[in-house]
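Biologist: Hi! Could you pull up that protein so we can walk through it together?

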Amino acid sequence: MEKEVIMTVNMALSLRIKELLKLKNMSQYRLEQNSGVSHSQLGFILKNRNNSVNFKTVIMIAKGFDMTILEFLDSPYFDCEKLEIE
């Protein structure tokens, strides 16, 4: 029997950003420029060193990928059944 993977919201956000950077062949710098999210803030998110990220930042990141927030969140990473809410 497989053990179900539980991850935090912050981990899911980090993984989704990394996935999209790779899929869109985009650098972290380009995402920072497109989104308006600072280098340090995005770095903390990507390294999963943030305690929480506000929704405004998530929207800014989605816009930086030229996506709607619904497109950004449309990922198995954000399956509520598998997310641990801190």
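Modeller: Here we go, starting with the overall fold and then moving to single residues.

Modeller: One thing up front: this is a predicted model.

Biologist: Good to know. How many helices and strands does the protein have?

Modeller: There are five helices and two strands. Reading from the N terminus, the order is β-α-α-α-α-α-β. The radius of gyration is 13 Å, close to the 12 Å that the globule rule gives for 86 residues, so the protein is as compact as a globular protein of that length.

Biologist: And what box do the C-alpha atoms fill?

Modeller: Along the principal axes, roughly 45 × 25 × 20 Å.

Biologist: What share of the residues is buried?

Modeller: Buried residues are 36% of the 86 in the protein. The accessible surface is about 6,000 Å², and carbon and sulfur atoms account for 53% of that surface.

Biologist: What about contacts between residues that sit far along the chain from each other?

Modeller: If you take contacts between residues at least 6 apart in sequence, 68% of them join residues at least 24 apart.

Biologist: Switching to charges: how many positive and negative side chains are there?

Modeller: The protein has 11 positive and 11 negative ones, with the centres of the two sets 10 Å apart.

Biologist: Let's zoom in on Arg 16. Is Arg 16 buried or exposed, and why?

Modeller: Arg 16 belongs to helix H1, which covers residues 9-23. Its relative accessibility is 7%, so Arg 16 counts as buried, the cut-off being under 20%.

Biologist: Which residues does Arg 16 touch, sequence neighbours aside?

Modeller: Beyond four places in sequence, Arg 16 touches Met 67, Glu 71, Phe 72, Asp 74, Ser 75, Tyr 77 and Phe 78. Take Glu 71: the two residues are 55 apart along the chain, and their C-alpha atoms are separated by 11 Å. The Arg 16 side chain also makes a polar contact with the side chain of Glu 19, at 2.6 Å.

Biologist: Tyr 77 was on that list. Where does Tyr 77 sit?

Modeller: Tyr 77 is in the loop between H5 and strand S2, residues 83-84. With 25% relative accessibility, Tyr 77 counts as partly exposed. Its contacts include Met 7, Ala 12, Leu 15, Glu 19 and Leu 83, along with Arg 16. So Glu 19 turns up twice here: as a contact of Tyr 77 and as the polar partner of Arg 16.

Biologist: Back to helix H1. What does Leu 21 touch?

Modeller: Leu 21 is in helix H1 too, and at 11% relative accessibility it counts as buried. Outside its neighbours within four places in sequence, Leu 21 contacts Met 26, Ser 27, Gln 28, Leu 31 and Phe 65. Met 11, ten residues away in sequence, is 15 Å from Leu 21, C-alpha to C-alpha.

Biologist: Anything going on with Thr 8?

Modeller: Thr 8 is in strand S1, residues 7-8. Thr 8 is buried, with a relative accessible area of 16%, and its side chain reaches the backbone nitrogen of Met 11 at 3.0 Å.

Biologist: Nice. What does the side chain of Ser 35 reach?

Modeller: Two backbone atoms come up for Ser 35: the oxygen of Leu 31 at 2.7 Å and the nitrogen of Val 37 at 3.1 Å. Ser 35 is found in helix H2, residues 28-35, and is buried with a relative accessible area of 10%. Away from its sequence neighbours, Ser 35 touches Met 60, Ile 61 and Gly 64. Asp 66 lies 31 residues away in sequence, with 9.0 Å between the C-alpha atoms.

Biologist: Last topic, backbone angles. Which residue in the loop between helix H3 and helix H4 should I look at?

Modeller: Asn 48 sits in that loop, with H3 at 39-46 and H4 at 55-64. Asn 48 has a positive phi of about 60° although it is not a glycine. Most residues other than glycine have a negative phi. Asn 48 is partly exposed, at 33% relative accessible area.

Biologist: And what is phi for Asp 66?

Modeller: Phi of Asp 66 is positive as well, near 60°. Asp 66 lies in the loop between H4 and helix H5, residues 69-73. Its relative accessible area is 70%, so Asp 66 counts as exposed, which takes over 50%.

Notes:
Residues are numbered from 1 along each chain as its sequence is written. This is a predicted model: local features need pLDDT of at least 70, side-chain atom pairs count only at pLDDT 80 or more; totals for chains, interfaces and linings use all residues. Side-chain values use heavy atoms; hydrogens and water are left out. Helices (H or I, at least four residues) and strands (E, at least two) are DSSP runs, numbered from the N terminus. The radius of gyration is taken over C-alpha atoms; the globule rule is 2.2 Å times the number of residues to the power 0.38. Buried means under 20% relative accessible area, exposed over 50%, partly exposed in between (1.4 Å probe, protein chains only). Contact means heavy atoms within 4.5 Å. Accessible areas come from the Shrake-Rupley method with a 1.4 Å probe; for residues, only the protein chains shown count as cover. Lys and Arg count as positive and Asp and Glu as negative; His and the chain ends are not counted. The place of a charge is taken as NZ of Lys, CZ of Arg, CG of Asp or CD of Glu. A polar contact is a pair of N or O atoms within 3.5 Å; within protein, one must be able to donate a hydrogen and the other to accept it, and residues adjacent in sequence count only if both atoms are side-chain atoms.
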